[in-house]
Amino acid sequence: MEGLADRREEMRRVISALEQDGFSLVVVEGPEGVGKTTLLRELKRVKGGMWHSCSESDAPFQGIRELLKSVGREDVLSSAYGTVLSVYGIHRATGILLAEVSRRGDLDGDVFAGMLTAVQAFVRDSLSMLDSEQEGYLSSLEYGDYRIVVARGSMIDLVAIVKGMEEYALKSELLRTLREFEEAHGSLLENWDGNVSRIPMKPYLEKFLESGREGEIMLTSAIDGFMAILKEFPVIIDDVHWLDARSREFLRLLLVKSAGEDAGKFVISVNSEFPIPEEVEAFLGDPRCTTVYLGNLDEKNVVEFLDFHYPDNLFSKAFFEDIRRCTGGNPLRILNLMEKLRREGLVYEQDGFWHGTGVNCEDSTISLPEIPGDERELLETAAAMGFITLDFLTEVLEVKKLKAFKFLRRVEKMGIMERRGDVYVFTHESIRNEVLKRASHVPEDVLEVAAEYYLEKGEKNKAALILERIDPERAAELYGEMAKESVQNSRLREAAARYAKAYSLSGNKEYALKAGRLYMTIGEYGKAAGMFEKVMDVPEGLEGYVTARAFMGEETETGDEFLKHKAQAIIKYLRGDFKGALEHARVALRIKEDFELLVIAGDSAMTLGEEYKGYFEKARESVRDTADRLILMRKELGELIQRGHLDDVLYRIDDAIELARSAGSWKEVAALLNLKANALIAKGRKEEGLMTFFQALRYAEMVGDPNLTSILLGNIGIEFMNKGEYEKALKYQMKVLRIFQAASNRHGVAFTKLDMGQSYLGMGEWGLAKRYLSEALEELRKVGDVTTELYTEFHLLAAEFVQSFDCETGRKMREIYGRYRDMEDLLGLMALALIQALVDRICGWKSAAIDDMREHRELLTEFGRDILDLLEKNRSDVKIKNALLRELIERAGIQEKDNIGKK
């Protein structure tokens with residue numbers, strides 16, 4: 001294989017791994033210059049595939065774009081984006097247009113005119129047919145390749161025209177903008193005289209058209225499209241440590257899905273001087289992952305390498321030793337040294353051998369092709385900047401357009417630089433460093449002009465890259481400004497990375513604290529701990545470090561009483577010890593009020609059946625940012641589900657999910673999708689709910705949260721149990737049990753054993769059911785979860801009752817049922833009411849049976865589900881898969897000749 005004389009064995013290992021059935025990931029690791037890029041390029045030539053060689057200046061999603069572009073499938077990503085073309089503010093009462101911002105150049109004139117007509121008709125007719133007075137209502141209309149998205153305020157409607165898919169952040173941002181404007185100008189709107197110039201709305205709308213806001217990636221649709229391409233092509237990524245942050249998120253989700261479906265091939269290279277990105281590192285323990293290390297060449301391989309590249313020459317022993325000594329066996333340095341020695345006439349042939357004259361080890365640096373002197377100055381400027389663009393060459397350096405094109409084509413053809421969108425970047429960081437080392441001088445004023453040029457164009461990221469070299473403090477300020485903008489737009493992951501960069505440039509502790517806090521809010525506790533560790537000499541840094549480590553389940557020694565109890569509260573909460581969590585949280589809260597502790601205390605108290613509202617009320621008063629707001633929204637929605645207010649939940653939860661997505665908080669997305677799935681199932685939309693559980697599971701696996709993953713696997717098991725697919729349910733439940741046992745999560749173990757007990761009840765395995773229900777009850781009594789304890793004890797008694805039909809056991813069930821009514825868990829009460837009604841009938845307690853069935857029926861009706869009137873009507877077409885219910889119904893004598901419930 002071309003250029004791989006010394007790497008044939010490594011290439012064989014890579015290809016062998018790729019040819020295995022199912023999913024495979026190959027990590028090619030080694031220091032700079034050992035041939036990683038050459039190996040991957042040769043692999044691309046031989047096997048084909050999607051290809052991207054990363055650079056430090058990659059723009060958001062650049063890596064994914066380039067991979068798709070390499071196989072001509074840019075449509076996969078472009079169809080997942082939405083570009084906001086226009087936004088209109090309309091006065092609801094009069095229909096008058098208050099403000100408008102547009103990218104009219106992106107719309108054909110006829111299309112634009114038709115779009116205006118469609119907007120007017122949509123606002124006037126379509127919404128009026130709905131609940132037009134409903135504030136906060138969102139709807140959308142397709143118009144060819146475009147979408148019209150409408151958000152309704154109390155006095156204003158916002159209408160956005162989007163090309164492609166709607167971005168996740170757009171809907172919540174429209175609503176947020178509406179609320180901000182109406183709060184700020186409510187009195188003006190209420191007393192408005194019709195003069196449009198008095199309404200200062202346009203500045204509120206301009207942010208929707210800001211440069212770089214192409215739209216957030218639609219992860220699910222784009223991943224599914226990408227998976228289809230993986231059937232044809234492997235993914236090959238060179239220098240993955242430089243892959244942009246958003247592409248890394250995409251890659252992580254893609255790897256999770258591919259590994260789960262056992263499909264897809266991935267080959268990536270990483271410089272061993274850099275840590276392997278955590279998105280990839282998580283897969284290194286997978287047996288389907290192969291690591292191929294490329295080191296410097298040993299003596300034998302150096303001989304083979306020289307024989308391959310110089311097949312007609314023999315090297316004298318002294319010359320060979322000089323080459324090895326100066327290069328350390330690094331392939332790139334060997335080639336550079338030989339090229340320089342030959343070019344300068346320091347190599348001669350004598351007696352059939354090559355000899356070197358005065359070999360200088362400093363000559364083993366990277367060799368650059370010769371280019372004209374004036375173009376070399378341009379290349380040196382590009383190296384100093386880190387990139388170059390055509391507009392900078394022509395507008396700032398005043399290079400004639402034809403000459404600029406020729407220069408860019410030349411460096412691209414020579415392999416020095418390559419094009420990424422509108423930017424040209426160096427193909428390898430070592431080449432850039434070599435250009436800088438050899439540069440005569442790049443005046444700082446040129447870089448200052450370049451930075452100002454990009455600042456004037458609003459391209460702060462490019463300006464910051466340049467300023468990193470000449471003014472790190474100013475670059476840090478820019479990254480700080482961009483981070484603040486990212487926070488305002490709820491792009492928290494992006495903001496965290498920018499604050500971290502600002503800290504690395506300036507050492508400003510405020511940046512480290514902000515980065516750490518943001519990493520905490522999106523659930524990346526390892527990164528958070530890393531940032532806080534740098535500033536542990538300040539109280540906020542120490543608290544952040546201890547808190548982050550606690551969320552990772554790790555203890556931290558500290559003499560601070562508040563931090564000691566806070567850490568214990570978090571760790572016990574994560575392990576399901578809610579009684580212990582509440583005790584430690586109360587102690588810590590007496591010392592200092594804290595948002596995380598208030599939420600943990602409230603959630604623990606609610607689980608234990610104690611007063612919890614006060615904790616959540618105080619938490620609302622101390623909300624700091626989007627992430628805090630998301631946590632409280634999730635807790636409130638969970639409480640509404642428990643109380644049976646499902647319509648409220650389904651009306652509000654999509655906005656919360658969109659807010660979490662736009663913030664990049666995938667953990668919150670998973671948790672909210674879990675709540676949505678529970679609400680859908682409670683409303684009788686079972687298949688939709690089950691699919692939503694699987695969608696949530698994908699996000700939980702992506703962030704690597706074992707606790708949330710276990711909850712979702714358990715909920716999927718419960719839904720299969722409710723469908724009567726008990727064996728399938730038990731497979732999920734046993735997997736969850738192992739995870740909770742490994743994590744020492746007693747509450748999780750108890751819940752899972754309860755689920756397994758109910759599965760065995762459904763199968764009619766009374767002995768196994770009683771075993772798991774008894775073990776669950778024992779655990780629940782230790783952790784103090786009164787509600788679930790009563791629910792479990794009721795089912796344990798039901799298992800005993802169905803074996804003996806002893807009405808004394810029925811009376812105990814009736815007592816438990818009466819106590820459960822006070823728990824405000826309407827969904828649980830609904831399940832118990834049906835069983836208790838059947839027990840009442842068997843034991844001849846007719847009045848109680850009627851009351852209990854009425855309660856069951858009322859709850860079913862409230863939740864909008866179909867009901868089976870088992871006590872009053874005989875149905876021959878009813879198939880009851882649950883053995884417990886079937887036994888109780890038969891014993892109650894409900895079916896007559898029709899054999900209701902018989903398979």
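These legends describe close-up views of salt bridges in a predicted model.

**View 1. A salt bridge between two loops, Asp 262 and Arg 288**. The structure holds 30 salt bridges, and one of them joins the side chains of Asp 262 and Arg 288, with N and O 2.9 Å apart. Asp 262 belongs to the loop between helix H9 (245–261) and strand E9 (265–271), and Arg 288 to the loop between helix H10 (278–281) and strand E10 (289–293), so the contact ties together parts that are 26 residues apart in sequence. Asp 262 is partly exposed, at 38% relative accessibility. Arg 288 is also partly exposed, with a relative accessible area of 24%.

**View 2. A salt bridge inside helix H25, Glu 561 and Lys 564**. The closest N and O atoms of this pair are 2.9 Å apart. Both residues sit in helix H25 (residues 561–574), with a spacing of 3 residues, about one turn of the helix. Glu 561 has 39% relative accessibility and counts as partly exposed; Lys 564, at 37%, is partly exposed too.

**View 3. A buried salt bridge partner pair, Asp 594 and Lys 566**. Here the closest N and O atoms lie 3.1 Å apart. Asp 594 is in the loop between helix H26 (578–591) and helix H27 (595–608), while Lys 566 is in helix H25, so the salt bridge ties together parts that are 28 residues apart in sequence. Asp 594 is buried because its relative accessibility of 7% is under 20%. Lys 566 is buried as well, with a relative accessible area of 2%.

**View 4. A network of salt bridges**. Asp 594 and Lys 566 are linked in this network with Arg 517, Glu 543, Lys 592 and Glu 596.

Methods:
Residues are numbered from 1 along each chain as its sequence is written. This is a predicted model: local features need pLDDT of at least 70, side-chain atom pairs count only at pLDDT 80 or more; totals for chains, interfaces and linings use all residues. Side-chain values use heavy atoms; hydrogens and water are left out. A salt bridge is a side-chain nitrogen of Lys or Arg within 4 Å of a carboxyl oxygen of Asp or Glu. Helices (H or I, at least four residues) and strands (E, at least two) are DSSP runs, numbered from the N terminus. Buried means under 20% relative accessible area, exposed over 50%, partly exposed in between (1.4 Å probe, protein chains only).
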